[in-house]
Amino acid sequence: MDTLDYDTLISTIPLDALCSRLHGLDEGVRSEAKKLTHSAVHIIGIGLEGTPPDVLKTKCWMYFPEAGSPYYRVTVFSNYSPFHVPDPSKHWSLMAEVCETPMKPVDVSDLVDRTIEALQNDRLIPAAPSVISTWHRRLEHGYPTPFLGRDRVLRTVHDALERRRIFSRGRFGAWKYEVSNQDHSFMQGVELASRLITGEPEVTVKGLLPK
């Protein structure tokens, strides 16, 4: 990172990326941050003609642990807002999420086609679906992955950052999978602000900060 003048810096940059960019950070701390593990995620949107089948009209998202499904979760995206499709009386949409890790590589050459085929096999869309649009994006930082020794690594890294008045929060800022949902991330921000202003202890990331 370029030199910045600040009293207190709050960051939501992924913790490994933040540490790799900080000038003057102890190399031991930088090495610890490199131990953090995460999964990537492929987001695949499928736009369809018609309306969702009755079985999906009240569904939010569904999980698929079976080996035959490339995705681990499918969301009926058009159920969240009528503005997610051109015309909700004529169109609907699904969003599939596919996990990628070094131990589970993903062949992207036909990923969209395989996703559509799996959606058919799982009877989420018709055998001859009227697909009118597809969308695919890969996000490098999908989920922070817990591992043995993670808390020790986080304590070392966060302690070093806080000595520089840098506070890293959010899904990949705190890097704690168990408190990384959207509601958790909002509360991390609220609680950090309260801590910095009034001295109140943080609760959501309890156990993360140095004693």
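**Strand pairing and a buried serine in a predicted model**

In this predicted model, strand β4 (residues 73-75) pairs with strand β5 (residues 91-100) in the antiparallel sense over three bridges.

Q: Why are β4 and β5 called paired strands?
A: Pairing requires at least two bridges between the strands. Three bridges join β4 and β5, so the requirement of at least two is met. Within this pair of strands, Thr75 stands opposite Met95 in β5.

Q: What makes β3 and β6 the edge strands?
A: The five strands form an open sheet in the order β3-β4-β5-β2-β6, with antiparallel pairing. Strands β3 (61-63) and β6 (131-145) each pair on one side only. Neighbouring strands of the sheet are turned by 20 degrees against each other on average, direction ignored.

Q: Which helix lies across β2, β4, β5 and β6?
A: Helix α3 (residues 111-121) lies across these strands, running at about 65 degrees to β2 (37-49).

Q: Why does Ser78 count as buried?
A: Ser78 is found in the loop between β4 and β5. A residue is buried when its relative accessible area is under 20%. Ser78 has 13% relative accessibility, and therefore counts as buried. Apart from residues up to four places away in sequence, Ser78 touches His84, Val85, Trp92 and Ser93.

Q: What makes the approach of the Ser78 side chain to the backbone nitrogen of Ser93 a polar contact?
A: The cut-off for such a pair of N or O atoms is within 3.5 Å. The side chain of Ser78 reaches the backbone nitrogen of Ser93 at 3.1 Å, so the distance satisfies the cut-off.

Terms used. Residues are numbered from 1 along each chain as its sequence is written. This is a predicted model: local features need pLDDT of at least 70, side-chain atom pairs count only at pLDDT 80 or more; totals for chains, interfaces and linings use all residues. Side-chain values use heavy atoms; hydrogens and water are left out. Helices (H or I, at least four residues) and strands (E, at least two) are DSSP runs, numbered from the N terminus. Axes are lines fitted to C-alpha atoms, for helices over the stretch in contact, and angles run from 0 to 180 degrees between N-to-C directions. Contact means heavy atoms within 4.5 Å. Buried means under 20% relative accessible area, exposed over 50%, partly exposed in between (1.4 Å probe, protein chains only). A polar contact is a pair of N or O atoms within 3.5 Å; within protein, one must be able to donate a hydrogen and the other to accept it, and residues adjacent in sequence count only if both atoms are side-chain atoms.
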